[in-house]
2 protein chains.
Amino acid sequence: MKKILVVLPVEQRHKDMLEAAAPGWEFLYALPEQVSAEQVAGAEVIIGNIAPALIAGASELRLFQLNSAGADAYLKPGVLREDVLLCNATGAYSKAVAEHGLAMTLALQKKLPLYRDGQNAHVWRARGTVTSIADATVLVVGLGDIGLHYARMAKALGATVVGLKRRPGEKPEGVDELYTTDRLDELLPRADVIFSVLPGTPETTHLYTAERFRLMKRSAVFVNCGRGSAVETEALRRALADGEIAAAAVDVTEDEPLPPDSPLWDLENLLITPHVAGGYFLPETFERIVGIAAKNLALWLDGKTPSTVVDRKTGYKK
Amino acid sequence: MKKILVVLPVEQRHKDMLEAAAPGWEFLYALPEQVSAEQVAGAEVIIGNIAPALIAGASELRLFQLNSAGADAYLKPGVLREDVLLCNATGAYSKAVAEHGLAMTLALQKKLPLYRDGQNAHVWRARGTVTSIADATVLVVGLGDIGLHYARMAKALGATVVGLKRRPGEKPEGVDELYTTDRLDELLPRADVIFSVLPGTPETTHLYTAERFRLMKRSAVFVNCGRGSAVETEALRRALADGEIAAAAVDVTEDEPLPPDSPLWDLENLLITPHVAGGYFLPETFERIVGIAAKNLALWLDGKTPSTVVDRKTGYKK
């Protein structure tokens, strides 16, 4: 019997959804930390991220549906056979990550991390002027589902929104100006807020260099909810320590977990969250992932193309 | 010569605005901490809050234009003669305070204060599930300028917004449901977010009792950007310590500055900012205050009623 391995913390209703999409198939369920080589070996379909090292044993694999938006771990040479159809969960995280990014943005504008520190020291002391999202020019670097969701929220709060994406396209609603990412250096000097949500690919690695932080306004706030690899860590540290930008917030770092002795931890004007913008921390995200998986499974079994196939060259949805 | 005392940190352009509104009058300028009894004694108009104790010597005073929205300090018996026209700066703070309140709301929903604490301890650790403003029912208690600005932002982010105000009125745009404040107890159990922005009046004193915190959802977040007097401090402390509500954020406390030994400081699920939502921390606020003062001055000199006269009985704009 053809086997589908589901490596997700599903409840019964999720099983029902998935099994309804593939009548006649045998479903195996496992948690990511408990999945066995034997389960992997027999599966023609795997739903959910498994350790890249386990992939080599997936000799029957034809469809691999990730629960993540990022596919970088599986795109490295030799990890996944070329004939396996790889799908991601693009879209599932947009609301969670965009809202987390907006919360970080407003927290920086209103200096909430500094006030939290003051609170912990029992000190009632004002920390100077603040800025307004309504008056801000917000540069969204990476206008995929997450970037667009964030852009629309910023726009709804009154911001002027400039979007950057890899490929030219029609300007979506909620974005005032749209450019391709190669215009980054021209646009950084205009931005009061830079919200970056780029996937981890060779092209995005170390995009944010010392030079680029210097192109930003000294009053700018920089928020990274994409991949830590997009930022040169030492350049960010220096830009913050030297006041080249006002403040930053990162949900992702080059090394994760961030090592306990990293100099980033103690920067007063940097807010760090431990890669929690996405995940399943907003319960709706998991529901969306199961929905995407069930839909893609049905399309694939029907001989059609799933909606979130990853382009192995770019790491993006095709 | 008729004298106007301006107790504000004005620049030349502000002086030009004010003086253009009252040709032929003599203008005196002082900073709040430097104002003299002699300056106060001769002024028919005072623009800017001065210490209530100085008011007794303002024998010529006819128009008193506050730079604050709250007028509570001047409404106590014996402070201000009944024949003095009292105006506040309602409207000047709406953007600053509403945005600060929204930043606090999202910070609580995304657990940013907990992550800041983790950062300070160099700990990379997830802190569990988060909530979404888009899915929230937001109860705005006090639907004046600030409350309405906040309501509209919450609505723009997808929330269901329920507004409460003292007097019945037409439901404004950006509010899904409107009730009078006496319906508070019915509505607290429905709210995921409670944003309170009530002025300090006898009616609002200790509105938030232990009973009312118990009426809130255990998952609710409570944000107070009005006056600290609206909250029974011990009831808030207990509600947070016992998990009767999920989290709270306050920009105001019953005693200000909050005493160093207050038990509020160390509540992990409480975020405290030191009465900075308003003030002049958003530079635009000060521009708005000067604009209101100039407009009111011109109206008053023209024999008309200024736009922000305070009702001495309620403490609100008439």
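**Reading crossings, sheets and symmetry in a two-chain model**

Modeller: In this predicted model, H5(B) passes H7(B) in a right-handed crossing.

Colleague: At what angle do the axes of helix H5 (residues 94-109) and helix H7 (residues 145-156) of chain B cross, and within what distance do they come?

Modeller: The two axes come within 8 Å and cross at roughly 50°, and that angle makes H5(B) oblique to H7(B).

Colleague: Which residues make the contact, and how do they divide by class?

Modeller: On the side of H5(B) the contact is made by B:Ser94, B:Lys95, B:Val97, B:Ala98, B:Gly101 and B:Leu102, and on the side of H7(B) by B:Asp145, B:Ile146, B:His149, B:Tyr150 and B:Met153. By class, the contact of H5(B) with H7(B) has six nonpolar, three polar and two charged residues.

Colleague: How should I read the pair formed by helix H1 (residues 12-21) and helix H11 (residues 283-301) of chain A, and at what angle do their axes cross?

Modeller: Their axes come within 8 Å and cross at roughly 15°, which makes H1(A) roughly parallel to H11(A), given that angles under 35 degrees count as roughly parallel. The crossing of H1(A) and H11(A) is right-handed. In the contact, A:His14, A:Met17, A:Leu18 and A:Ala21 of H1(A) meet A:Val290, A:Ala293, A:Ala294, A:Leu297 and A:Ala298 of H11(A), and these residues divide into eight nonpolar, one polar and no charged.

Colleague: Turning to the sheets, in what order do the seven strands of the open sheet in chain A stand?

Modeller: The order is S8-S7-S6-S9-S10-S11-S12, with parallel pairing. Strand S8 (177-180) and S12 of chain A stand at the edges with a single partner strand each, so that one side of each is left without a neighbour in the sheet. Direction ignored, neighbouring strands of this sheet are turned by 15° against each other on average.

Colleague: How many bridges join strand S6 (residues 137-141) to strand S7 (residues 160-165) of chain A?

Modeller: Five bridges join S6 and S7 of chain A, and the two strands run parallel; within this pairing, A:Val141 has A:Leu164 as its bridge partner in S7(A).

Colleague: And what is the order of the five strands in the open sheet of chain B?

Modeller: That sheet runs S2-S1-S3-S4-S5, again with parallel pairing, and its edge strands are strand S2 (26-29) and strand S5 (85-87) of chain B, each of which pairs on one side only. Strand S1 (residues 3-6) of chain B pairs with S2(B) in the parallel sense over four bridges, and B:Val6 stands opposite B:Tyr29 in S2(B). Helix H11 (residues 283-301) of chain B packs on the sheet, where it touches strand S3 (45-47), strand S4 (63-65) and S5 of chain B, and its direction makes about 165° with that of S4(B).

Colleague: Which backbone geometries deserve a second look when one validates such a model?

Modeller: Most residues other than glycine have a negative phi, and most peptide bonds are trans. Here the peptide bond from A:Glu256 to A:Pro257 is cis, with omega near -5°, and A:Pro257 lies in the loop between strand S11 (247-250) and S12 of chain A. In chain B, a cis peptide bond joins B:Glu256 and B:Pro257, with omega about -5°. As for phi, A:Lys111 has a positive value near 60°, and this residue lies in the loop between H5 and H6 of chain A.

Colleague: How are the two chains related, and by what turn can chain A be laid on chain B?

Modeller: Two copies of a chain are related by a rotation about an axis and a shift along it. In this case chain A can be laid on chain B by a turn of 180° and a shift of 0.0 Å along the axis, with an RMSD of 0.0 Å, and the two copies are thus related as by a two-fold rotation axis. Of the residues of chain A, A:Ala156 comes closest to that axis, at 2.9 Å (C-alpha).

Colleague: How many residues does the contact take from each chain, and which element gives the most on the side of chain A?

Modeller: The contact takes 38 residues from chain A and 38 residues from chain B. The elements of chain A that give two or more residues are helix H5 (94-109), helix H6 (112-120), helix H7 (145-156) and strand S12 (270-272), and H5(A) gives the most, with eight residues. By class, the side of chain A that touches chain B has 26 nonpolar, seven polar and five charged residues. Moreover, 100% of the interface residues of chain A are also interface residues in chain B, so the copies meet through the same surface.

Definitions and conventions:
Residues numbered from 1 in each chain as written. Chains lettered and ligands numbered in written order. Predicted model: local features only at pLDDT ≥ 70, side-chain atom pairs only at ≥ 80, totals over all residues. Least-squares fit on C-alpha atoms with pLDDT ≥ 70 in both. Contact = placed C-beta atoms within 7 Å. Nonpolar A, V, L, I, M, F, W, Y, C, P; charged D, E, K, R; others polar. Pairing = 2+ DSSP bridges. Axes fitted to C-alpha atoms, helices over the stretch in contact; angles between N-to-C directions. Parallel < 35°, antiparallel > 145°, perpendicular 65-115°, else oblique. Left-handed = near helix turned anticlockwise from the far one by under 90°.
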